[in-house]
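Thanks, everyone, for making the time this morning. I would like to walk you through one structure, beginning with a single pair of side chains and working outwards from there.

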Amino acid sequence: MSTRWLFAAVLLAAACGTTPDERPKTFEAVTFEVLAPHCGQVQCHSTFTATDGKEFDTLEGARAALQDLGVHSNPDMRGSTGELVLLLEGAPGYERMPPDVPLAQEDRELLLSWIVDENAAGL
Amino acid sequence: MRALIVGLILLVSTRLAYAYPQFQLSHDATCTGCHISPDGGVLLDENGLGVAESESWQGHDAAFLYGLLGTPDWLQLGGELRGAAGLTYPRALDSAVYPMQGEVEGRAKAGAFSIYANAGFRRPNVNQSVAHVIWSREHYVMWQQKPGENEGLYVRAGRFMPTFGLRLAEHIVYTQKYGGRPLYYEAYGVGVSYVTDKAEVHATGFASDRIASAAEHGDGGALYGEMRIGTNAAVGIEGKYSKADDDTRTYAGVTGKLFLPAAELLLLGEAQLVRQEITAGAGDTRNALVAYVMASRPLPSNLLLDIGLGHYTQDTRVKGLLRDCIDANLHWFFDSHIELLLTTRLERLNFGQSGGGYALAQLHVRL
């Protein structure tokens, strides 16, 4: 395969997308589109390995793991992020997650928007 | 403690006993030129043992345990041990030490039929029983149309990795990690392969392992076809479909391989379009693009250098949601059983938003 074509494909891919983020702010979307690809890799928080007992590669596992981290909805319709933000940001006393490469800003915003603005609907 | 945690979590650098596509075209046209399995990996055939000996610094008998434990013709034994240590760069340089693979394997044959199985260890899972740590990643029965030859029809039934893509040893290669062939995605299935020097095609139907807390949650099929163009080039197409309870994933891609004899340079490339349809709740559909190119060249003193570039667009709807990496791996084949590998990666999000990297030394012992 021509390297030139691949390079062009990469540039094309980089140009893809729209602003603002139009992904749905639902439990299913944040699980399968954010948590599973980056936290639920097979060697980390997956059904297969379940590091620290947490699984993010299925809806059932992600629901339990998020609740375990203190994520929940509130009567005032503003969800609580629990320890999730502390882990994502690597706050003092917390190992930043994911440990290799942090979540992209767009993914962090989607996740937090689902919790806070959507009151963690579906959790 | 932090290093240990990072090390354990970063079991990411696990490599399994898959093939070295870096040797295809530069040595043999097909994976079956060196391997018993129709899509490469694990046990070597007689030619593969010869290559392992000739490509290493010290040579030595490439047979199981250096030939110290003789086995009858119908039985072949093997195994893989791997471990690594080095530095990771999540926020600041940190150290990591971890085991990666410990497996033994065996194959018994009778005429056109053979049975293959491996057994080894995997990480404990607090949500599973103690027995979880011991498992068999692959075990299958195979029928081969032309026993003793490296072409023809192969039929497998059992637990194995559906044939898909370039099948590099490093599972963190983007097209494997984010594409259709992630680590531990072996499943129960039936596979049919037809291999010749000119072309090969592999079709697999699979079902997720409902017993051994499998990584693959879906049922589906995979197809990989590759056609050689002359003796120094090949192109391939691939497709995979996996339907799980809450989502469906479809992968479509192409591969390319080009060997430049004068420069002893092998170029490998793969690109995939990944479509994930969430069927639970309100649903959603995500399209992702993932690509990897690698240049591989032998160096003096039995060294082999790989330089790889990876790209992953996580969701084509979201501008800037992408990551890229550059890998540099230096293999040193000490003898026919021992490989030392220095593997490095620099990875960035959205052209520099943030990122990470690592430099790890790996020891690989083929029993």
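Please look first at R317(B), which forms a salt bridge with E33(A), the closest N and O atoms being 3.3 Å apart. Before going further I should say that this is a predicted model, and that the distances I quote are computed from it. The pair crosses between chains, with R317(B) sitting in the loop between β14 (303-313) and β15 (322-333) of chain B, and E33(A) belonging to helix α2 of chain A. As general background, side chains of opposite charge can pair when their charged atoms come close.

How many salt bridges are there between chain A and chain B? The count is 2, and besides the pair I have just described there is one in which the side chains of D100(A) and K177(B) meet, at 3.8 Å from N to O. A search of the whole structure, over all chains, finds 23 salt bridges.

Turning to the interface as a whole, 49 residues of chain A are in contact with 69 residues of chain B, and the area buried between the two chains is about 4,800 Å², of which carbon and sulfur atoms give 61%. Across this interface there are also 13 residue pairs in polar contact, counting pairs with both residues at pLDDT 80 or more. On the side of chain A that touches chain B, α1 (3-15), α2 (27-38) and α5 (105-116) each supply at least two residues, and α2(A) gives the most, with 7 residues. Sorted by class, that side of chain A has 23 nonpolar, 13 polar and 13 charged residues.

Now, what does α2(A) meet within its own chain? Its residues F27(A), V30(A), V34(A), L35(A) and H38(A) meet D107(A), L110(A), L111(A) and W114(A) in α5(A), and the residues of this contact divide into 7 nonpolar, 1 polar and 1 charged. The axes of α2(A) and α5(A) come within 10 Å and cross at roughly 145°, and the crossing is left-handed.

Finally, there are two backbone details in chain A to check on the screen. The peptide bond from M97(A) to P98(A) is cis, with omega near -10°, and P98(A) lies in the loop between α4 (84-89) and α5 of chain A. D52(A), in the loop between α2 and α3 (59-68) of chain A, has a positive phi of about 60° although it is not a glycine. For context, most residues other than glycine have a negative phi, and most peptide bonds are trans.

Note on methods. Residues numbered from 1 in each chain as written. Chains lettered and ligands numbered in written order. Predicted model: local features only at pLDDT ≥ 70, side-chain atom pairs only at ≥ 80, totals over all residues. Heavy atoms only, no water. Contact = heavy atoms within 4.5 Å. Buried area = accessible area lost by both parts, 1.4 Å probe. Salt bridge = Lys/Arg side-chain N within 4 Å of Asp/Glu carboxyl O. Polar contact = N/O pair within 3.5 Å; in protein donor to acceptor, adjacent residues only side chain to side chain. Helix = DSSP H or I, 4+ residues; strand = E, 2+ residues; numbered from the N terminus. Nonpolar A, V, L, I, M, F, W, Y, C, P; charged D, E, K, R; others polar. Axes fitted to C-alpha atoms, helices over the stretch in contact; angles between N-to-C directions. Left-handed = near helix turned anticlockwise from the far one by under 90°.
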